[in-house]
Amino acid sequence: MTGMPAPFTADDYRARMERAARAAADAGLAGVLVAPGPDLVWLTGYAPPAATERLTLLVLAAGQDPVLVVPTLEAPDAERAAGAPALTLRDWTDGKDPYATTAPLLDASGRFGVSDNAWAMHLLGLQKELPGTSYVSLTEGLPMLRAVKDAAELERLAAAGAAADETYEEILKVPFAGRRESEVAGDLADLLRRFGHAQVDFTVVGSGPNGANPHHEAGERVIEHGDMVVLDFGGLKHGYGSDTSRTVHVGEPSAEEQRVHNIVREAQEAAFRAVKPGIACQDVDRVARAHITEAGYGDRFIHRTGHGIGVTTHEPPYMIEGEEQPLVPGMCFSVEPGIYLPGRFGVRIEDIVTVTEDGGRRLNNTPREMAVVR
């Protein structure tokens with residue numbers, strides 16, 4: 001994919017809002033209440049100009065038109081959103097009660113799904129106005145709301161993945177030994193932006209013993225010859241996420257380091273090959289975990305095998321024991337097993353994978369064999 005993708009239209013956003021309202025009804029909810037954040041952007045194309053204490057809330061319910069409650073001073077921005085033609089704006093002015101404005105839109109005895117990042121102040125304000133209502137987070141009530149991507153979303157995710165791949169290919173050319181982790185992390189961030197990312201979410205550079213911490217933040221440790229280095233980086237391009245991990249070695253690896261890397265690579269390959277419609281999310285985790293356990297490192301694989309990705313870099317579904325949600329074509333998630341040996345080194349290999357009609361497709365395609373860097 002080259003250039004900018006075609007923008008989402010009002011019809012795209014209308015279809016998403018209708019889908020969310022139907023999903024809420026099917027889940028036994030009276031509707032969905034969406035505060036500023038990723039859900040609001042995905043459903044309407046609108047992102048308020050800045051974090052604000054003023055109530056902004058999208059109200060969706062089956063059988064009624066979508067309504068976006070906004071502060072009057074921000075209404076012009078909301079009117080310019082791509083999804084605005086598909087909804088009704090209802091504004092409120094400073095000095096007025098926004099909860100009184102919103103209450104008539106809600107079933108006074110209904111149970112509503114609420115976006116996870118809604119302010120407690122606003123939720124409590126609604127509850128005070130409508131004491132008969134109750135609420136559940138969208139992650140709990142509608143966890144699969146954004147999980148199945150359409151063709152246009154898959155195109156954006158593929159472009160983000162390709163940009164992350166280009167970033168990895170370029171980072172292999174820079175010197176590692178004698179430089180701080182933070183310097184290599186800075187290179188990763190610059191490269192992600194060079195290849196089209198508008199937002200960099202993380203640049204993990206875990207060298208030597210720091211690689212045994214899966215979420216190590218790049219610090220001031222100087223990378224040494226002989227270090228294993230875990231690289232995990234991603235962000236947003238065209239509004240959709242990338243996230244990939246590769247583990248490289250400064251100079252030639254030892255036999256043990258190569259063996260551990262091979263085990264993780266084989267586990268990642270096995271888990272990827274297990275992806276197909278109808279299997280449970282937990283089965284992807286089980287396949288990766290079984291391979292690592294059989295090799296004797298089961299207690300050193302200390303996190304889930306994967307997480308969903310879309311307009312955020314972490315979202316449902318999760319590839320973890322206990323998640324029985326079946327895979328559906330269009331789902332996108334990471335497959336990222338790892339082995340972590342405290343005080344020594346770590347290995348993680350990660351690709352974003354999308355479910356197809358008959359299996360899975362990787363959105364990251366750089367070599368998974370261990371690269372030797374200088």
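**Exercise 1. Helix α1**

How many residues does helix α1 have, and what distance does it reach from its first C-alpha to its last? Determine also how its buried and exposed residues are arranged.

*Solution.* The structure is a predicted model.

Step 1. Helix α1 covers residues 10–26, which gives 17 residues. From the first C-alpha to the last it reaches 24 Å, close to the 24 Å expected at 1.5 Å a residue.

Step 2. The buried residues of α1 are to be listed next: Ala10, Tyr13, Arg16, Met17, Ala20, Ala21 and Ala24. They cover an arc of only 130° around the axis, and therefore lie on the same side of α1. An α-helix has 3.6 residues a turn, so residues three or four places apart point the same way.

Step 3. Turn to the face of α1 that looks away from the buried side: it carries the exposed residues Asp11 and Asp26.

Step 4. The packing partners of the buried residues of α1 are β1 (31–34), α2 (38–44), β2 (57–61), β3 (64–71), α7 (151–171) and β9 (240–241).

Step 5. Just after α1 comes Gly28, with a positive phi of about 80°.

**Exercise 2. The surroundings of Phe8**

Identify the aromatic and charged groups around Phe8, then examine Glu153 and Ala82, which both touch this residue.

*Solution.*

Step 1. The structure holds 3 aromatic pairs. Phe8, Tyr13 and Tyr240 are linked into a cluster by ring pairs. Tyr13 is also one of the buried residues of α1.

Step 2. Over the ring of Phe8 sits the charged end of Arg156, 3.9 Å from the ring centre.

Step 3. Glu153 lies in helix α7. Because buried means under 20% relative accessible area, Glu153 counts as buried at 2%. Leaving out residues up to four places away in sequence, Glu153 touches Phe8, Arg16, Trp42, Val148 and Tyr240. The C-alpha atoms of Glu153 and Ala10 are 15 Å apart in space, with these positions 143 residues apart in sequence numbering.

Step 4. Ala82 belongs to the loop between α3 (75–79) and β4 (88–92). With a relative accessibility of 35%, Ala82 counts as partly exposed. Residues up to four places away in sequence being set aside, Ala82 touches Phe8, Thr9, Ala10, Tyr13 and Thr44. Ala82 and Phe8 are 74 residues apart in sequence, and their C-alpha atoms are 7.3 Å apart.

**Exercise 3. Thr247**

Is Thr247 buried or exposed? State its location and its contacts.

*Solution.*

Step 1. Thr247 is placed in strand β10 (residues 244–250).

Step 2. Its relative accessible area is 1%, so Thr247 is buried.

Step 3. A polar atom of the Thr247 side chain lies 2.8 Å from the backbone oxygen of Arg348.

Step 4. Neighbours within four places in sequence being excluded, Thr247 is in contact with Met228, Val229, Val230, His261, Gly346, Val347, Arg348, Met370 and Ala371. Arg348 thus appears both in this contact list and in the polar approach of Step 3.

**Exercise 4. Helix α10**

Compare the span of helix α10 with the expected value, and locate its buried residues.

*Solution.*

Step 1. Helix α10 (residues 281–294) has 14 residues, which should span 20 Å at 1.5 Å a residue. The end C-alpha atoms of α10 are 21 Å apart, in agreement with that value.

Step 2. Cys281, Gln282, Val284, Asp285, Ala288 and Ile292 are the buried residues of α10. Seen down the axis, they fall within an arc of 155°, and so line one face of the helix.

Step 3. The cover over these buried residues includes α9 (255–274), β12, β13 (332–335) and β14 (338–341).

Step 4. After α10 comes Gly296, whose phi is positive, near 95°.

Step 5. Within α10 (residues 281–294) lies Arg289, whose charged end sits over the ring of Phe301, 3.9 Å from its centre.

**Exercise 5. Backbone geometry**

Which residues does a cis peptide bond join, and which phi does His238 have?

*Solution.*

Step 1. The cis peptide bond joins Pro316 and Pro317, with omega about 5°. Pro317 is in strand β12 (residues 315–319).

Step 2. His238 has a positive phi of about 55°, although this residue is not a glycine. His238 is found in the loop between β8 (228–237) and β9, and at 21% relative accessibility it counts as partly exposed.

Terms used. Residues are numbered from 1 along each chain as its sequence is written. This is a predicted model: local features need pLDDT of at least 70, side-chain atom pairs count only at pLDDT 80 or more; totals for chains, interfaces and linings use all residues. Side-chain values use heavy atoms; hydrogens and water are left out. Helices (H or I, at least four residues) and strands (E, at least two) are DSSP runs, numbered from the N terminus. The expected span of a helix is 1.5 Å times one less than its number of residues. Buried means under 20% relative accessible area, exposed over 50%, partly exposed in between (1.4 Å probe, protein chains only). The arc is that of the directions from the helix axis to the C-beta atoms. Contact means heavy atoms within 4.5 Å. Rings of Phe, Tyr and Trp (its six-membered ring) pair if their centres lie within 6.5 Å; planes under 30 degrees apart count as stacked, over 60 as edge-to-face and the rest as tilted. A charge sits over a ring if NZ of Lys or CZ of Arg is within 6 Å of the ring centre and within 35 degrees of the ring normal. A polar contact is a pair of N or O atoms within 3.5 Å; within protein, one must be able to donate a hydrogen and the other to accept it, and residues adjacent in sequence count only if both atoms are side-chain atoms.
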